[in-house]
Amino acid sequence: MITRFFPCAPAGDGPFSLLLLGQGFEDAEFYSIVAKVWNEITILPSFNQFKLDGRYRIAVYFDSCLTNDFKLQQQNNVISVDPSDSHLLSDYLKNAIMPDIDKTPLSIWGENYYGPVGSLIAIIKKGNSAGELYQIDYSDTYPIPFVAVIATGDYWTKVIIRAIGEREGCLANEYDLPGPDYEKDPNDGLYWDQYFPPNLIFINDAQRTDLDNGKNPLEVIPRLPFSWPVNAGASLKFYRYGSADPNIPGIKLVEGGDGYRKNVLHSDFDCLMRRIPNSTQYQIQADVDFCKVCSYVIFKAIRGNSPETQKRIGRRLIGNQRLLYDELNWKNTAEITVDASQSYSIDSQKSGSVPKWQCSFDITPDSGLRITSLKLKDRTNINQNIVDPFDFVEEIVKEISFKDLYVKFKGESDPTSLNISDALSNSDNPPILEQSTVGGPASNYQIGLKLTLSWSIPKKCKVEVAMSLVLRDQKNDFDPGGAAIACKFYPQMSMRYKRIASSKDALPSVEWLKGTIVIKPDNVIPSSHSTDPMLGDMKQMANDAVQVVLLTDSNSSKWDNVWYWNRFTGASTFAKAAPTWGMYGADWQAGRKLARVRNDPSLVAPDPKNVIGATALRGFQFEMSPVLPHWSWLFDYGVPAVLGNRPSFVGVYCRGEQTVDTKNDGGLPRQTVFVWPSPTDQNNPSKNYKMIVRKVSRQGTFDNVHVSAFHGLDSRGFYKTPAPFCAELCLHLHWRWGMSAVSPVGNIKSYFMGWGNGKLDQGAATTIGAPLIPPNQHLDVKVSRSIAGNEAEINYIVTAYNPSFNEQQVFLEQGVGFAFSYAGLSDEQVALLVIGTEVIIPDASVNPWKDPAKDIVSNLQSLDARAKDMKIRMYFDKIYDQIRWYDNTIDDIPKGNNVQQIPSILDPSDSKNLLAPQELENM
């Protein structure tokens with residue numbers, strides 16, 4: 001039975017919770033062990049805030065577990081649990097009896113939360129040979145954050161202390177690792193402000209060179225983390241990787257951390273966070289404590305006044321992937337008897353006037369779980385100023401299905417097909433169908449479905465496949481600009497292989513697992529509504545057709561161009577609302593031609609149309625200002641309209657795979673120089689415009705697909721392409737976001753960052769510009785649009801290489817967005833966007849920055865919600881017309897030439913469409 005350790009009492013709602021479990025101790029004997037742990041914790045200065053204001057900030061419990069054996073195994077200094085016994089700990093927690101006066105939910109020990117609300121289980125085993133297990137991130141083998149240690153030697157409690165400190169302070173590991181993958185942080189310091197472990201500093205190559213040359217660190221890194229207690233004017237010294245410890249007290253800048261050897265800094269040469277679990281060289285069980293920075297972070301975390309200590313989900317790594325359905329706590333869950341002859345439906349139980357999901361589903365021998373008629377109702381909410389004039393279109397997806405399941409064993413020439421009908425009739429491991437409602441800590445996930453299927457392959461293994469769907473509330477976190485209000489849906493699939501129960505056969509080596517998720521959008525606007533007065537100027541979209549768009553985000557448009565900058569000296573007088581960095585003109589010198597960037601002969605009162613683009617670019621390149629949505633600033637190439645069946649293409653490569661053009665390793669960075677626009681598209685004399693198309697490691701042909709209601713033709717007679725932002729019944733599926741779009745984004749940048757190498761702290765949402773899927777996954781994508789234009793289909797085809805035993809491989813973890821409103825932007829942001837994209841060009845005779853923006857805001861605020869929504873939609877309709885093409889006057893393109901801002905060739909099958917050059921697609 002679990003007992004609270006005196007004098008630790010609950011500290012209100014959500015204290016850090018520590019559970020100590022014994023193995024091999026009698027009750028009285030284990031109580032003295034618990035007392036030792038408590039004493040060792042509280043004598044550390046970093047933990048002396050656990051008791052504050054007479055109340056404890058930690059709740060400590062223990063159980064000697066005389067009748068519970070967790071089957072710890074030890075080999076040398078490594079403790080492990082056989083996968084077949086991994087359920088014993090969670091089974092114990094399910095049946096454990098808590099002290100009846102306790103208010104701390106036992107379930108917290110199953111949640112991978114960090115910070116003051118975090119938790120930890122420590123199993124302490126009696127023995128004479130030192131050993132440890134350190135597993136504080138979720139995995140299928142170890143689903144609960146815990147450590148295990150043998151109670152022997154002088155420093156065994158350090159294993160527990162390190163884990164508490166790491167979880168309390170959200171600390172990152174400070175050690176580095178050998179091998180080429182860990183030579184240096186691959187992000188060049190770009191994502192430090194979002195991936196922000198408080199004990200580390202990320203720097204770029206230029207900063208490292210400056211530090212190495214002896215430049216003052218406080219000038220090179222002007223914004224030290226507040227979690228580093230360094231006084232203004234303090235003397236800091238940089239120690240490059242491999243430097244000897246000078247044994248000088250105080251905070252330093254020591255290179256190495258987060259697994260990397262270079263471009264990451266920690267604060268001292270040794271620290272508990274520098275020690276490596278199970279290492280014989282850098283032992284945790286040694287006479288070492290937390291460094292000054294880590295101690296300070298823990299101190300502030302316990303007091304509850306450190307931003308890093310907010311709840312955060314544990315790191316997602318290759319070895320601990322889970323379906324979103326399984327990560328969420330659902331309030332209502334029911335298991336349904338699988339019946340292939342039965343159809344079901346499920347509705348949101350969300351209260352209030354918010355968009356509500358609804359769908360039907362059934363089980364079929366072809367698709368397993370099949371979702372049909374996926375609807376999103378009640379999208380208009382006048383009280384929140386959210387209006388969707390097309391909300392009469394409730395069904396947005398006709399069907400979601402799962403198919404083409406395979407396992408490939410090493411040494412065999414052909415893969416083994418997993419026939420769904422076989423799994424449905426598997427009596428040893430029958431299918432399990434679950435449906436849930438109201439999930440997540442904020443109850444913002446409305447519906448969840450999951451079907452689990454199993455195949456037992458004789459003399460080999462069991463393969464388990466879970467097909468799922470999760471439906472989320474609305475939010476404006478879907479695009480980096482925060483413009484679109486979108487509800488996300490997650491059609492996910494996981495695959496893994498396990499041992500067949502009671503089988504003694506050796507497990508075969510699995511080379512890969514493969515499956516396909518099929519999405520058939522149904523987001524057309526019926527032509528029967530073409531006369532609906534509510535649609536106003538948008539009625540041309542009531543045409544029974546969809547549009548499919550493919551785009552590739554740029555990683556280089558921020559730096560592959562050189563300008564001669566001209567700062568206007570009279571800007572503060574001329575434009576009272578000019579940006580803080582001033583007003584600029586710019587003359588192109590070399591590289592990419594960016595639209596609307598030009599100079600002006602006037603030094604005091606320039607023409608607004610000549611400075612808007614250059615001023616915005618100056619802010620983007622040097623001031624972390626948001627990027628304007630001109631295509632030349634955001635994309636490298638694309639296909640504005642997919643017509644008919646397009647052959648499948650590589651969305652994401654794995655390392656070692658050859659690119660389509662056979663010239664490169666798709667798993668590594670590569671680049672090419674492309675001339676655009678061509679000399680024939682320019683006025684004489686032409687300029688040598690060249691763009692660098694740089695693809696990051698694993699990046700494939702395209703980065704995203706958008707399926708929206710068909711927008712018709714633009715002013716030049718081409719298919720209008722609503723990108724970026726699109727919120728007209730638009731499905732957005734991204735498997736990568738480019739560096740140029742994401743680099744200036746603020747506090748939601750991690751939503752758009754991809755996977756690193758999948759180990760340590762380089763899991764999901766850690767690497768800017770990287771694909772959003774794990775590094776062992778290869779993605780093929782096939783998209784099509786019917787000849788009539790009323791149907792579309794997306795096939796998301798994943799091959800997961802070298803999966804480890806019993807570890808889930810999750811497909812389409814990033815989900816799909818359905819955007820239906822532009823209400824994510826404030827009136828002021830709309831005004832700046834309208835002016836910045838030159839939908840409204842200010843008059844040079846008046847204040848060109850302040851007055852037009854003020855007028856736009858005033859006009860929007862004078863309208864009711866529906867009229868305002870329509871006004872903003874019409875602004876975006878004009879924005880889409882502007883941002884795609886070079887301007888014949890401002891951009892020095894001969895009048896009458898239709899030159900797209902990204903490389904293109906005319907579609908031979910349709911003169912209203914453009915295609916991307918094959919050499920860019922295939923590189």
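## Report on N199, helices 3 and 10, and unusual backbone sites

The side chain of N199 comes within 2.8 Å of the backbone oxygen of A172. This is a predicted model, and the values below are computed from it. A second polar contact of N199 runs from its side chain to the side chain of E174, at 3.1 Å. N199 belongs to the loop that joins helix 3 to strand 11 (201–202). Its relative accessibility is 0%, so N199 counts as buried, the cut-off being under 20%. Beyond the neighbours within four places in sequence, N199 is in contact with L171, A172, E174, W228, L265, H266, M273, V293 and C294. A172 and E174, the two partners named above, are thus among the residues on that list.

Helix 3 itself covers residues 157–169. Its 13 residues should span 18 Å at 1.5 Å a residue, and the end C-alpha atoms are indeed 18 Å apart, so the two values agree. Of these 13 residues, 13 are buried, which means that helix 3 is largely enclosed by the rest of the structure. C170 follows helix 3 and has a positive phi, near 55°.

Helix 3 packs against helix 1 (residues 27–42) at an angle of about 55°, and the two axes lie 10 Å apart. An angle between 35 and 65 degrees is neither roughly parallel nor roughly perpendicular, so helix 1 is oblique to helix 3. From helix 1, the contact uses K36, V37, E40 and I41; from helix 3, it uses T157, I160, I161 and I164. In an α-helix there are 3.6 residues a turn, so residues three or four places apart point the same way. The crossing of the two helices, helix 1 and helix 3, is right-handed.

Helix 10 (residues 608–622) can be described in the same terms. It has 15 residues, and the distance from its first C-alpha to its last is 21 Å, close to the expected 21 Å. Helix 10 is mostly covered, with 13 of its 15 residues buried. M624, just after helix 10, takes a positive phi of about 60°.

Other backbone sites deserve a listing. Most residues other than glycine have a negative phi, and most peptide bonds are trans. The table gives four sites that depart from this pattern, two by a cis peptide bond and two by a positive phi.

| Site | Backbone feature | Loop |
|---|---|---|
| W676 and P677 | cis peptide bond, omega about -10° | P677: between strand 32 (670–675) and strand 33 (690–695) |
| A723 and P724 | cis peptide bond, omega about 0° | P724: between strand 34 (704–709) and strand 35 (730–734) |
| N247 | positive phi, about 55° | between strand 12 (238–239) and strand 13 (253–257) |
| N806 | positive phi, about 65° | between strand 37 (792–801) and strand 38 (809–811) |

Neither N247 nor N806 is a glycine. Their surroundings can be stated separately. N247 has a relative accessible area of 66%, so it counts as exposed, the cut-off being over 50%. N806 has a relative accessible area of 8% and is therefore buried.

As for the protein chain as a whole, its secondary structure comes to 16 helices and 41 strands. The chain has 923 residues, of which 61% count as buried. Among contacts between residues at least 6 apart in sequence, 72% join residues at least 24 apart.

Notes. Residues are numbered from 1 along each chain as its sequence is written. This is a predicted model: local features need pLDDT of at least 70, side-chain atom pairs count only at pLDDT 80 or more; totals for chains, interfaces and linings use all residues. Side-chain values use heavy atoms; hydrogens and water are left out. Helices (H or I, at least four residues) and strands (E, at least two) are DSSP runs, numbered from the N terminus. The expected span of a helix is 1.5 Å times one less than its number of residues. Buried means under 20% relative accessible area, exposed over 50%, partly exposed in between (1.4 Å probe, protein chains only). A polar contact is a pair of N or O atoms within 3.5 Å; within protein, one must be able to donate a hydrogen and the other to accept it, and residues adjacent in sequence count only if both atoms are side-chain atoms. Contact means heavy atoms within 4.5 Å. Axes are lines fitted to C-alpha atoms, for helices over the stretch in contact, and angles run from 0 to 180 degrees between N-to-C directions. Angles under 35 degrees count as roughly parallel, over 145 as roughly antiparallel, 65 to 115 as roughly perpendicular and the rest as oblique. A crossing is left-handed if the near helix is turned anticlockwise from the far one by less than a right angle, and right-handed if clockwise.
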